[in-house]
Structures are given as C-alpha cells and as structure tokens.
Amino acid sequence: MNVHESEKIAGLLMQLGLEESTDDTADVVVFNTCCIRDNAERKAIGQIGRFKQLKRENPDAVIAVVGCMTQQDGAGLALRKKFPFVDIVLGTANLDKIGDLVADCLATHKKHVEIDTDPKPPIVEGLPYYRTSGCNAWINIMYGCNNFCTYCVVPYVRGRERSRRKEDIIDEFRRALDQGYKEVTLLGQNVNSYGNDRGDGYGFADLLQDLAKFDGDHRIRFMTNHPKDMDDRVIDIVADSPNICNNIHLPIQSGSDKILRLMNRHYTRDDYLATIDKIRAKMPDCGITTDLMVGFPYEEESDFEDTLDIVRRVQYSNAFTFVYSPRRGTPAATMPQVPEEVSRRRIMALIAEQNAITRKLSDAYVGGVYRVLCEDIVEKNGKKQLCGRTESGRMVTFDGGEELVGTFCDIKITRSRSASLFGTKV
Ligand code: 5AD
Ligand code: SF4
C-alpha cells in the first residue's frame with residue numbers, strides 16, 4: 001500500500017517538473033512513513049534524523065513527512081518539535097495535496113502541517129502515478145478499514161472503509177493493460193469488503209468477475225483478505241478465471257481461538273481451516289500465504305502451540321511472521337504484555353517451522369515446468385540473471401536476455417533453495 005502511495009507522491013512531484021534523484025542530495029525529500037509496528041516507526045525516525053545535515057548544507061531543500069505516522073494522535077506536532085527542519089507534515093487523508101504544498105514551500109519556504117482527522121475523507125480520483133514496480137501495476141480498490149483488530153493501528157490512521165467506484169477501477173485496469181502492464185495487483189486493507197460502503201450490492205466478487213473478462217496475456221492478484229469475509233464466490237471466480245492467479249494471502253494471525261477472540265478477528269481456527277479446505281478443493285495448486293503474530297497479550301504456550309499446529313496443517317507456501325508490537329491507542333496496548341524473551345523464543349520457533357515447510361514445498365517444484373512472468377534482472381557475483389514469479393507466487397531465477405523482462409516464459413525448475421527456485425527456459 002505504501003509503495004503504491006509513493007508512486008502517487010512521485011507522480012504529483014513530477015507534475016511540478018521535478019525529476020527522480022538517485023542520491024541524498026535532492027531538492028525535495030518525502031518520507032512516506034508506516035506505523036504498523038514500532039520498528040517501522042523507529043526506522044522512519046532514524047531516516048528523517050539523517051536529513052538534518054542535508055538541510056544544513058542545502059537550506060532550500062524541502063523535507064516532507066507524510067503517511068500513517070503523522071496521523072497518530074498528536075504526532076504532527078511531535079514530529080515538528082523533534083525535527084524542526086521538516087517543512088511539511090501531511091496526513092494520509094490529504095496526500096493529494098503534496099504537489100501544491102511542495103510547490104508553495106519551494107517558492108516561499110513556508111512550513112505546513114496538514115492532518116485531516118475526518119474518518120471518511122473523500123476519494124480523490126485522476127491523480128498521476130509514476131509506477132515503479134516493473135511490469136506490475138498496483139491498483140487501489142478501497143481505502144481504510146472498519147475491522148478494529150485490537151492490535152492494529154490502521155483503522156485509526158487510515159479511517160473507515162471507502163470503496164472506489166467500479167467504473168474508476170475498471171478504467172484504471174484497462175489503462176494499465178493498454179500501457180503494457182502484465183500484472184495488476186488489486187489493493188485494499190480488506191478487499192473482501194469492497195463495495196460494502198457503497199450499498200449498491202456490487203461487491204468484490206462482482207469486481208473480480210468484471211476484471212476477469214478482459215482478454216489478453218496478463219495476471220490479476222489481490223491483497224489482502226480477511227478470513228471472516230472470504231466468500232465462496234470469490235474462491236470460485238479465482239478458480240475459474242485463467243487470468244486470476246491461484247495465489248491467496250489469507251492472514252490468520254494466530255491459531256488459538258482464545259487469542260483470535262482477544263484480537264477481535266471474528267473467526268475460529270475451524271472456520272479458517274474450512275476456508276482453506278474450500279480453496280484447496282477448487283485449486284489444489286493454490287499458493288496460500290499468511291501473516292502470523294506471536295506474543296499477543298495473554299498468549300500462553302498452548303496458544304502458541306495452536307499456531308504451530310495451524311502452520312503444519314495449512315502448509316503455507318510462505319508466511320510473514322511478526323512479534324506483536326503494542327500500538328498507542330489500540331485496546332491490546334493496555335492488556336498484560338508477554339515478556340520479550342518469550343516472544344523472541346516463539347518467533348524463532350515459528351520461523352524455523354515455516355522455513356522447513358517452505359523448503360519442502362520448494363523441493364516439490366523441482367522437475368516441473370511453470371509459467372513465469374519475467375519481472376526483473378538480478379545481478380549476483382557479476383552474473384546477470386532474470387527473475388519472476390509463478391502463478392502461485394514463487395520467485396524463480398533463470399538465465400536469459402533482458403528482452404524477456406515483461407514476458408511470460410515456461411521455466412523448468414532444476415533446483416530449489418529455501419523459498420527460491422532456480423530453473424532454465426524451455
Ligand atoms: N504488531 C505486530 N504485527 C502487526 N500487524 C498489524 N499490527 C501489528 C502489531 N501491532 C501485522 C498483522 C497484519 C500485518 C499487515 O501486520 O499480521 O496482518
Ligand atoms: Fe488492521 Fe487488517 Fe485488522 Fe484492518 S483487518 S484492523 S488493517 S489487521
């Protein structure tokens with residue numbers, strides 16, 4: 001989401017006539033921040049601090065801080081106090097103003113703090129994008145979240161769910177294909193609740209069905225899903241549409257019903273496993289990935305064992321694993337916290353468990369031929385190779401010329417290492 005938002009920021013700055021800079025000596029520096037976990041926030045703070053020196057050397061440089069971090073209670077002023085050299089602090093709701101504010105600041109050196117706390121700010125359409133993700137185009141289908149999982153800061157910093165008009169999404173999709181993008185990833189905090197706020201009965205399954213009708217050699221992916229809202233129609237459409245990847249990211253967070261209840265997730269481990277069964281029944285080869293958290297308040301050893309058990313049962317092709325990080329203003333932050341060393345031990349055990357599964361599933365690819373969208377060139381030890389992903393989302397490295405970037409290639413897998421696959425073009 002943030003990578004895509006940075007594409008929007010870049011597009012707006014380029015409209016001013018600015019160009020991309022490849023080093024720190026830029027005239028305009030924008031920090032697009034994240035506050036989902038404490039380490040994301042600390043990283044942003046460290047990076048912003050580094051630019052104090054740049055401002056000293058080039059006082060005309062404009063430094064802006066935007067994104068989720070600015071939207072937390074009192075953060076706007078706190079940032080200005082901690083980093084007085086910052087010129088612009090801009091919230092998530094009015095990111096579209098970045099171009100105007102930077103232009104004004106370049107001309108007048110006036111400082112700006114604009115943080116809109118309206119939980120349902122209007123959607124601004126027609127903004128320019130400077131897409132930077134190779135042959136993949138990100139397309140936002142909705143903004144915000146209504147779920148209030150008790151650990152999560154997103155609903156507070158991103159507001160309530162707002163779905164884009166289907167016409168605007170379909171139009172952007174068509175334009176991306178016309179421009180030659182080979183993969184489109186639909187984005188939302190919970191794509192499954194797309195359209196609920198519009199009240200016209202047109203939901204995510206309908207949108208997927210309409211996008212699946214476009215002919216041509218391209219792929220559609222989407223993220224992220226909420227298990228409580230993942231409906232059978234979406235599974236059927238993914239299974240039946242050759243252009244929609246058999247690759248589903250379904251964050252479970254925890255395998256313990258007690259913890260899921262405390263997290264306010266609205267599903268049980270059995271509900272979740274039933275959804276997995278439905279996906280596998282329709283798409284045996286579907287790559288299923290997830291998000292997992294350890295160390296949530298009240299998590300006991302038996303709860304953690306339940307998480308390990310889910311991981312063994314589902315056999316995820318990959319998992320993003322996190323240590324719970326208390327976020328100011330969220331309900332879980334005031335619950336009794338699990339000691340750090342316990343969380344650390346659990347995350348290591350969880351990662352080891354998932355790595356073994358990933359490795360085993362990778363080995364099963366060896367000898368097979370898979371269709372890979374060639375995405376990029378990678379350079380290792382002075383040797384240039386190509387990389388891309390299978391429909392199921394696995395990264396494959398293989399030999400070939402640069403002209404293959406942006407094309408589909410059939411690759412025979414010859415070797416695997418952890419999550420990575422290696423092969424040759426057939
Ligand atoms: N601490 C740790 N992980 C978190 N996530 C969201 N909030 C927190 C938090 N406070 C994780 C969830 C989510 C992913 C995007 O980030 O697993 O699915
Ligand atoms: Fe956060 Fe996702 Fe829960 Fe929304 S659904 S509150 S974004 S974890």
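Two strands pair if DSSP finds at least two bridges between them. In this predicted model, strand β11 (residues 287-294) and strand β12 (residues 318-323) are joined by 6 bridges and run parallel. One bridge sets T289 against N318 in β12. Helix α12 (residues 301-314) belongs to the same unit: β11, α12 and β12 make up a right-handed β-α-β unit.

Antiparallel pairing appears further along the chain. Strand β13 (residues 369-380) pairs in this sense with strand β14 (residues 383-390), over 8 bridges. E379 lies opposite K384 of β14. The two strands form a hairpin, with 2 residues between them. In its turn, N381 has a positive phi of about 50°.

β14 also has a second partner. It pairs with strand β15 (residues 395-398), again in the antiparallel sense, over 4 bridges. Here C387 stands opposite T397 in β15. β14 and β15 likewise form a hairpin, with 4 residues between the strands. G393 takes a positive phi near 100° in this hairpin. In a regular strand, side chains alternate between the two faces of the sheet.

The surroundings of ligand 2 were also examined. The shell comprises 7 nonpolar, 3 polar and 1 charged residues. The residues around ligand 2 include C145, N147, F148, C149, Y151, C152, V154 and P155. Q189, H226 and R265 also surround ligand 2.

How values were computed:
Residues numbered from 1 in each chain as written. Chains lettered and ligands numbered in written order. Predicted model: local features only at pLDDT ≥ 70, side-chain atom pairs only at ≥ 80, totals over all residues. Heavy atoms only, no water. Near = heavy atom within 4 Å. Nonpolar A, V, L, I, M, F, W, Y, C, P; charged D, E, K, R; others polar. Right-handed = clockwise from strand over helix to strand, strands pointing away.
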